[in-house]
Amino acid sequence: MDGNGRWARERGHPRIRGHRAGAESVRATVEACGDLGVEFLTLYAFSSENWKRPEGEVQALMGLLERFLKEKTTEMAERNVRLQAIGRLTQLPQRCQKALHRAIERTADNTGLTVVLALSYGGREEIIDAVKSLVHHVQAGHLDPAMIDPDVFSKHLYTRYYPDPDLLIRTSGELRLSNFLLWQISYAEIHVTPKLWPDFGKQELYDAVADFSRRQRRFGGLTEG
Ligand code: IPE
Ligand code: MG
């Protein structure tokens with residue numbers, strides 16, 4: 001979800017106004033995914049690297065997250081949305097962790113769209129954490145290193161309960177992955193839109209899905225027929 005700062009600057013607003021507008025795009029995207037019958041939506045909300053931003057912006061973002069979780073959980077629950085989170089969540093302020101866990105608990109039994117918030121998330125950090133977990137299992141004698149293959153490895157990632165993404169949408173025209181789901185997006189189709197995140201709405205999501213549906217996916221093999 002990139003481009004909040006640029007969106008605000010274009011309007012002569014402080015950056016936080018862009019982040020606030022971005023929260024509205026989250027709502028629209030969650031709704032659109034629910035309507036389309038998408039099963040999993042992962043939102044890159046705050047990266048491991050975002051901690052390097054000025055303290056004021058980090059605090060404002062954490063405040064927004066807490067408010068978002070408190071205000072939107074009821075709406076998500078009504079839409080049968082299940083909320084989940086990935087990342088080094090214990091690095092978040094206590095108040096955010098509390099609001100997050102409450103939202104996760106409240107929506108745990110929902111059967112519609114699963115929204116996964118990536119918070120204090122980094123793909124490299126996730127891979128390191130998976131390696132540590134594997135080493136731990138090997139040392140405890142529960143795992144034979146010869147058995148480690150992509151499936152076993154995947155089971156030690158934060159995303160072990162979710163399928164790999166089919167489609168990766170990148171906003172604000174940037175052509176990089178920025179440490180997002182590095183392992184999981186091996187065969188994801190990539191859709192880059194110049195739209196800044198606060199300008200991303202239902203129509204933009206539908207456009208991305210339409211673009212995706214025109215792709216021929218071969219997963220390294222040959223197209224049949
Ligand atoms: C993305 O918008 C939001 C977060 C990283 C939380 P940015 O804040 O990165 O916006 P730009 O890149 O400065 O426009
Ligand atoms: Mg950015």
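The buried residues of helix 5 are covered by a set of elements that includes strand 3 (114–121) and helix 6 (150–154). Do keep in mind that this is a predicted model. Below is a short tour of helix 5, followed by a look at Q97 in helix 4.

**Helix 5: its length and its end**
- Helix 5 runs over residues 123–139, and at 1.5 Å a residue its 17 residues should span 24 Å.
- The C-alpha atoms at its two ends are 24 Å apart, so the expected span and the model agree.
- After helix 5 comes G141, which has a positive phi, near 80°.

**Helix 5: its two sides**
- Four residues of helix 5 to look at here are G123, E126, A130 and L134, which are buried.
- These residues lie on the same side of helix 5, because the arc they cover around the axis is only 75°.
- Turn to the other side of helix 5 and you will find R124, K132, H136 and Q139, which are exposed.

**Q97 in helix 4**
- Q97 belongs to helix 4, which takes in residues 94–107.
- Is Q97 buried or exposed? Its relative accessibility is 12%, and buried means under 20%, so Q97 counts as buried.
- The Q97 side chain reaches the backbone oxygen of L92, at 2.7 Å.
- Leaving aside residues up to four places away in sequence, Q97 touches L89, T90, Q91 and L92.
- L92 therefore appears twice for Q97: its backbone oxygen is reached by the side chain, and L92 is among the residues touched, while Q97 itself counts as buried at 12% relative accessibility.

Methods. Residues are numbered from 1 along each chain as its sequence is written. Chains are lettered from A and ligands numbered from 1 in the order in which they are written. This is a predicted model: local features need pLDDT of at least 70, side-chain atom pairs count only at pLDDT 80 or more; totals for chains, interfaces and linings use all residues. Side-chain values use heavy atoms; hydrogens and water are left out. The expected span of a helix is 1.5 Å times one less than its number of residues. Buried means under 20% relative accessible area, exposed over 50%, partly exposed in between (1.4 Å probe, protein chains only). The arc is that of the directions from the helix axis to the C-beta atoms. Contact means heavy atoms within 4.5 Å. A polar contact is a pair of N or O atoms within 3.5 Å; within protein, one must be able to donate a hydrogen and the other to accept it, and residues adjacent in sequence count only if both atoms are side-chain atoms.
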